[in-house]
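This briefing is addressed to a structural biologist who has the sequence and the coordinates at hand. Please keep the structure in view while reading.

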Amino acid sequence: MPERGRWRRPSRWSLGPRVTAVATGLFLLFGVIGALLFFFVLKQVVFSSLRRQGEHAVRDVIAEARAPGTPVLGSRQLGFSLLQIVDERGRVVAASAPAAGRPALTTARPDTPGGRVHKLVRIPGYDHRVYVVGAWTRDAAGRPQLVYAGLPVPVLDLVGEVIAIEIPLSVPVMAVFNGWMVWYAVHRAVRPVGRMQRELAEITGGREERLVTVPDTEDEVAELATSINVTLHRLHRVLERQRGFVADISHELRNPLTGLQAQLELALESPEDEDWPGVARAALADADRLQQLVSDLLIMAKLDAGVPLDREDLELGAFAREEAERRRRRVPVEVDARDDVHVHGSRHALARILNNLLDNAARHAAERIQVRVRAEGGDAVLTVRDDGAGIAPEDRERVFQRFQRLAESRRRDKTGSGLGLPISREIAAAHGGTLVVTGDGLPSASGEGRGASLELRIPLADTRRAD
């Protein structure tokens, strides 16, 4: 038995023979069914024509039987040459020249006076079957008689013989021909799939992006190859992003851990001369930084994994006032918020965005921070402005990259992780919104520039548009 869970490389020919055998069998089955249906339809068409002509021939004979005198049997229907008039006892009263001296063509009789007999019979002296049509009539004296019109039909026997001979002979020929055609078609169709399979097996997740070959057939296989390449490209981007994320994490975690370890080792070298309360405060600061960093990393991991957020209806203006007043900051925060701006979101996640924006503004502001909440179109808009140095236009997207910190930010706060704004943008995207750096912020007191302005947009809970 093969080992459970062990991957086995499939054979490049494993699909072709199975498809060929199944398709050949289906072709043969449908071919035989088609031949039988053709024979059945042909037979029905022939019999329908014979029935119609035979009834015309019977009517011609009935007209002769009812005429006074000795009937002279004949018919205008081509081929119906066996004509007879038979009495109730089965004796032939009159007959055409080809049927003269023969017994009644058949003993079958119509069940009703207006009925008809349609029957294939064997007649001595004829190598082929005879199609007979019969009907009741009366002679000139009113006595009941039977009229029969017969036509030898060698074509039916010939068709039956052809079918009986051709089907057994054609089956092997059809099997070989269809098998070769199916094998050729399947082999040609599977060849690009086999190449893609081998190319996929060679992809190991290295740094070099690998794609599969797209055939120039412009069919479903080419579309499959294109879809595979799109998926591989996305996976490569995810892997590159994860590699960079892991590298940045290791760098950010190494610094506080190394500093904490160095402080403790240095303190233990001369424990009697060390200021242990100071050592504890420094270690606690590094631990706080580690805790904040780990918390940010967990949030990023949840956002990347698409973990759903617990949402509720929030009045964004009152929510902004509450969060702005919850914690005192270095610079006072002014809140200009409209009432009745409702969003459907996570209280904890939106609080994280607002506090990240306020902390970022407080880090750079000189004297003022302003929070504005309003409805615009179908969105709730929250803007945080400060009167600091501002953000240069070329850096307005860079600040949302993970672990990216501008020189001004590093100068003002050396303990930051560079994850606050990226986390805020990810949370905004999870709410179906956006977070961007817009135009200038508040004017500074010195008049030497304008601060930064960050704008959060989230769809309104009731999708109403602003007045």
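The points below treat the two open sheets, the helices beside one of them, the largest cavity and one threonine. The model is predicted. One sheet has five strands in the order E2-E1-E5-E4-E3, and another has five strands in the order E7-E9-E10-E12-E11. The pairing is antiparallel in the sheet that contains E1 and mixed in the sheet that contains E7.

**The antiparallel sheet**

- The five strands E2-E1-E5-E4-E3 form an open sheet, in which E2 and E3 are the edge strands, each pairing on one side only.
- From one strand to the next, the twist in this sheet averages 25°.
- Strand E1 (residues 82-86) pairs with E2 in the antiparallel sense over three bridges, and Val-86 has Val-92 in E2 as its bridge partner.
- Five residues separate E1 from E2 in a hairpin, and Gly-90 in the turn has a positive phi of about 95°.
- Nine bridges join strand E4 (residues 130-138) to strand E5 (residues 144-152) in an antiparallel pair; one bridge partner in E5 is Leu-146, which is matched with Trp-136.

**Thr-106 and its surroundings**

- Thr-106 is found in the loop between strand E2 (92-95) and strand E3 (116-121).
- Is Thr-106 buried or exposed? With a relative accessible area of 8%, Thr-106 falls under the 20% limit and is therefore buried.
- A polar atom of the Thr-106 side chain lies 3.1 Å from the backbone nitrogen of Ala-108.
- Leaving aside neighbours within four places in sequence, the residues in contact with Thr-106 are Lys-119, Val-121, Val-132 and Tyr-148.

**The mixed sheet and its helices**

- The strands of the order E7-E9-E10-E12-E11 form an open sheet with mixed pairing, and its edge strands, strand E7 (333-337) and strand E11 (434-437), each pair on one side only.
- On average, neighbouring strands of this sheet are turned by 15° against each other, direction ignored.
- Strand E9 (residues 369-376) and strand E10 (residues 379-386) form an antiparallel pair over eight bridges, with Ala-375 opposite Ala-380 in E10.
- Helix H5 (residues 316-326) lies across E7, E9 and E10 and runs at about 170° to E7.
- Helix H6 (residues 347-364) lies across E7, E9, E10, E11 and strand E12 (453-459), and runs at about 25° to E10.

**The pair E6 and E8**

- Strand E6 (residues 312-315) and E8 run antiparallel and are joined by four bridges; Leu-314 stands opposite Val-343 in E8.
- Side chains alternate along strand E8 (residues 342-345): Val-343 and Gly-345 point to one face and are buried, whereas His-342 and His-344 point to the other face and are not buried.

**Cavities**

- Two cavities of 30 Å³ or more are present in the structure, and the largest cavity holds about 40 Å³ of space.
- Which residues line the largest cavity? Its lining consists of Leu-316, Phe-319, Leu-350, Ile-353, Leu-354, Leu-382 and Leu-456.
- H5 and H6 are the elements that give two or more residues to this lining, and H6 gives the most, with three residues.
- H5 and H6 also lie across strands of the mixed sheet, H5 across E7, E9 and E10 and H6 across strands including E11 and E12.

Note on methods. Residues are numbered from 1 along each chain as its sequence is written. This is a predicted model: local features need pLDDT of at least 70, side-chain atom pairs count only at pLDDT 80 or more; totals for chains, interfaces and linings use all residues. Side-chain values use heavy atoms; hydrogens and water are left out. Buried means under 20% relative accessible area, exposed over 50%, partly exposed in between (1.4 Å probe, protein chains only). A polar contact is a pair of N or O atoms within 3.5 Å; within protein, one must be able to donate a hydrogen and the other to accept it, and residues adjacent in sequence count only if both atoms are side-chain atoms. Contact means heavy atoms within 4.5 Å. Two strands pair if DSSP finds at least two bridges between them. Axes are lines fitted to C-alpha atoms, for helices over the stretch in contact, and angles run from 0 to 180 degrees between N-to-C directions. On a 1 Å grid over the protein atoms alone, a cavity is a set of points where a 1.4 Å probe fits but cannot get out, and a pocket is an open set with protein on both sides within 12 Å along at least five of seven lines; lining residues have an atom within 4 Å of a point. Grid points are joined across faces, edges and corners, and a volume is the space filled by probe spheres set on the points.
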